[in-house]
Structure formats: structure tokens, C-alpha cells
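Trainee: I have a model open and would like to understand how its labels are earned. Could you walk me through the reasoning?

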Amino acid sequence: MVTYQNPILPGFYPDPSICRVGDTFYLVNSTFAYYPGVPIHESKDLVHWRQIGNILDRPDNLPLYDVHHSGGIYAPTIRYHEGTYYMITTNIGNRGNFIVTATNPAGPWSEPHWLEGADGIDPSLFFDEDGRCYYCGTKGAPDGTYYGDNVIYIREVDLNTFSFIGEEYHAWRGALKGCEWPEGPHIYKKDGWYYIMIAEGGTSIDHAVTISRSRSLSEPFVGCKHNPVLTHRHLGEAYPVSAVGHADLVEDGNGNWYAVCLAMRKCDGVTNTGRETFLCRVTWEDGWPVFNAGEGHLLTTGELPFKEHVYQDGELGGYEADASIDMNADRLPFKAVTLHTPEEDFCRIGGGKLSLQCGTNPLRAEKFVSYVGVRMTSMNYTAETEVSFEPKGAEEAGLVLLQSNFFNLRAVITLSESGKLIKVIRGTREGEEVLKELPMEGAACRFRMEQLGQTVNVFCDNTCLATVDAHYLSTEVAGGFVGCTIGMFASANGVKSDNRAEFRVFEVKNQYV
């Protein structure tokens, strides 16, 4: 037996989808406007996860141009069939729904196969026993009467041409009367029944998992009488884990079933780490799934019938000790993220340093920003970097705690008429506020942020410059579908520049409590 701890992937890992091939599980997540897109993790025990790549890691398969922070890549689904891995997802703002394929889950993955006529979002694929493939997605119902009045629809896909065959079938409208946002559908087949499992109720406290079934893919689906089969909506706003939904089922090859889903951990009433990946056990009773039987909600820990498999090397996900970037490496680690499809040569790494070109766009632009960071996975951590920078004009470079383009906290080196300055800047939707500024001496400085709960202390060379309440960096205040990331940043704030900032250290040391 092995013990799991929820969330199994802490931090900004929303909309999980899972499949099993042999004795290995593969897990993918949404990434929205972050690049590269759709991290893929593998595990043999559902507890220890190793990131083996990012499925969308080239400009040709991840165009993220002029999308807002919560645009871009929505709700991927991963499936395997006869030697090929399939990942299907939505690119909001850039053409819609598409499929990429690979024979090795670590890549390389194909260029996008765009699905013409695939309206809506949250696509999934289902391979029936006869080998036929079906698309399942959600879109506005033709006779809908309110925002979020959606329908789950099914249509066969020809995977030779990546085009639809025949007519679409409107299968289900969700469990609740007046259901809002039935989405995230997945199809399964068990004991002669086809099941459609979805999320509904929106992505906040009313989020829930519901399920229906039918004897065929072209007949009405009837909801389970026990719906919702998983939710925390009844536990109240003060419960420490909320917004449970968007689940995917997997069987381990020995008849045991599990579900991954998203949920949000709260700290002092709000969520800064975003939607994370949680695990629960599933049993079947009277032809319907029961989630964590006898409990009815997500558990903090639990036992699984696997032999523990700890990866000794490679890129790790989950509860890793820290999130350092090796400045002597020849590439960024898989866990590193930037914003929007990157400009060529904006980032160089190796020889003990990472250099960022001062991007033309300011941090508030909903376009490519010269930024490299990692997901914030704990509310208790220390993040640190050492930066050398000679700013020109309005340029700035430093360390940033980023909820979105508008909501952030940063410590930067910049320039004034009297010389170099250190500034601590608080960004909100209304604008930016300088919390502290002081003259800078020398060519380099060391920035550090220490967060304990909702309090962030910002340091420069061991001097505390500001103490900031971090509630404004939460989903509840800032909105959107993402969680915070922490990283290095350089901008020319609207002017084209070849100037570069050099970073010699970047590490995030987490404490999990």
C-alpha cells in the first residue's frame, strides 16, 4: 500500500485528465495563456509524479497571440488507442478545438489537427470497442435561454482526416433543472452502459461532478438519481477545500477505479495557488460510481493498493522540495513557464546564468512578456533571485509574484534621472502603486520574497522593503482561472530594446503545512 496526499499536484494544475497505458498513468492539465502548454506527468502509483514534458512546446502547436491571461488552452483530454496517444483541447482566441498525437507521451507531438465545425469548448475523445472514435464537447444549446445554458454533444471523428462523420447528437443538458455550465464531458463504457460525466455549476463554490448513462451514443442519457456524485458545495464557503469538479475516471487494470479532479485550497478565505489536481477512490454500486464511499468528499490523505514507486531522477512534480532552475543547464526545466508564445532568443540559459531580453511589452500587456517562472505550490515559501541589470529609459527587471498581467507584486531594478533605483510595485486592475523605492548601488542585487499565509515580505539584500497583504493575488479578488506563479522578469515597457538582464540564482523553497 502507498499513501497519497491531496492535492497530488499542488499549485496551478487545473482541469486534470488521466489515462493508463500498461502500468503507467499519464496526467495532463490546462495552461491557459502560459507557455509551454499542457504539462504531462507520469506515475506508477498515483502518488509520485514525474513531469516528462509539455505537449504543446512549439509555436506551431501553441499559438497564443493576443489572448487574455485566462484565455488560451482550456481543458485538455488525454487518451491512448492502438499505439497512439491523443490529446485534444481548446485554444480560446486562436482557432478553437484541435488534436495532437504522439507515439511517445514524452513527445514529440504533432502539429495541431484543427477540427472544423467543433463548436464550443472542453473536447474529449472516446474510443469504442469497435475502434470508432467519438468527440464529446459542450456548447451553447440551440434553444438556450440564459448564459451558461449549454448542451453536451457527441459526434463521430474520422482520425484519418481529422474531420467529423455524420450528424451530431445532443446527449445531455446536465443534472440540475436550469443547469449552468455543463462542461468538461468525458465518455466511458462499463458493463454495457455508456456514461457521460461532466462538471456543472460553474468553477466556483457551486462546482460539481455529475453523471448520466445510456445504452447507446445516440439515445437519451439519463442522469444518476444521486447527482451530484461529487461536490463540496454543501460544505459551505468556510470549508478549506472548495470548487470541486471537472473530474476524469481511470481504472488501474485490476478493477480498481479512481478519479482526478480539480479543487481549490483556501488560505484565510481565498485561494492563491489556483485550481489544483486532487485524487479520490471510486467504487461502483448499482451501475453508478461512488466517490470516496463512506466519506462523500475529498480526503486529505488515503491509501492506495500500489507498490510505492519513487522516481530517483528526472523532472519531478507534486511535492518536490523546491523549484530551482539550474543556471548551468542547456535548457529550461519542463516545470518552467513563460507568458504567451515566446519571441525568439528572449531567454538564454547556461554558464551559470539566465539572461532575459527586455521585452517590448509591459507586464500589463496581454501579449508576450519576457518572463520565466514556476508555479506557486504552497502558501509558505521563500523565493529568491540575484539579478544584474543596467537599465536604460523605462526598463525594469527583477522578481515578480504573478497572479495575472494586472494583479502582481514585483521587486525590480529600474532607472530615474538621478540613477538606478530599487522599486517594489503592487499591480492591480486599477493601476500600479510604488510601495517602496530607494537608490541602488552596485551592479547586482538579491531579491527575496517570503510568504507566510497571506503575508508577503519583500527583501533586497536582506533589507525588508515592504510587507504586503496577498489577498488581492487570489482567484476570488483577481478573477480568472489561473493560480499564482513566481519568476524572473524584464521589460522595456513599450519600447523595443536589445538590453538584457542577467539572473544568477532562482529558487523557490516550499514549506507544506
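Trainee: What makes the contact between the side chains of D60 and R58 a salt bridge?

Mentor: Happy to help, and do keep in mind that this is a predicted model. The N to O distance between D60 and R58 is 2.9 Å. The cut-off is within 4 Å, between a Lys or Arg nitrogen and an Asp or Glu carboxyl oxygen, so the pair qualifies.

Trainee: Why is D60 called partly exposed?

Mentor: D60 has a relative accessible area of 37%. Partly exposed lies between under 20% for buried and over 50% for exposed, so the label fits D60. R58 gets that label too, because its relative accessibility is 24%.

Trainee: What makes D345 and R348 a salt bridge?

Mentor: Their side chains come to 2.8 Å, N to O, and this falls within 4 Å, so the name applies. D345 is partly exposed because its relative accessible area is 38%, and R348 is partly exposed because its value is 43%. Elsewhere, D57, R58 and D60 are joined into one network by salt bridges that share partners.

Trainee: How do you know that E116 forms a salt bridge with R95?

Mentor: Their closest N and O atoms are 3.4 Å apart; that is within 4 Å, so this pair passes. It links distant parts of the chain, 21 residues apart: E116 sits in the loop between β10 (113-114) and β11 (121-127), and R95 in the loop between β8 (84-92) and β9 (96-102). Both E116 and R95 are exposed.

Trainee: How many salt bridges does this rule give?

Mentor: The count comes to 26.

Definitions and conventions. Residues numbered from 1 in each chain as written. Predicted model: local features only at pLDDT ≥ 70, side-chain atom pairs only at ≥ 80, totals over all residues. Heavy atoms only, no water. Buried < 20%, exposed > 50% of the residue type's maximum accessible area, 1.4 Å probe, protein only. Helix = DSSP H or I, 4+ residues; strand = E, 2+ residues; numbered from the N terminus.
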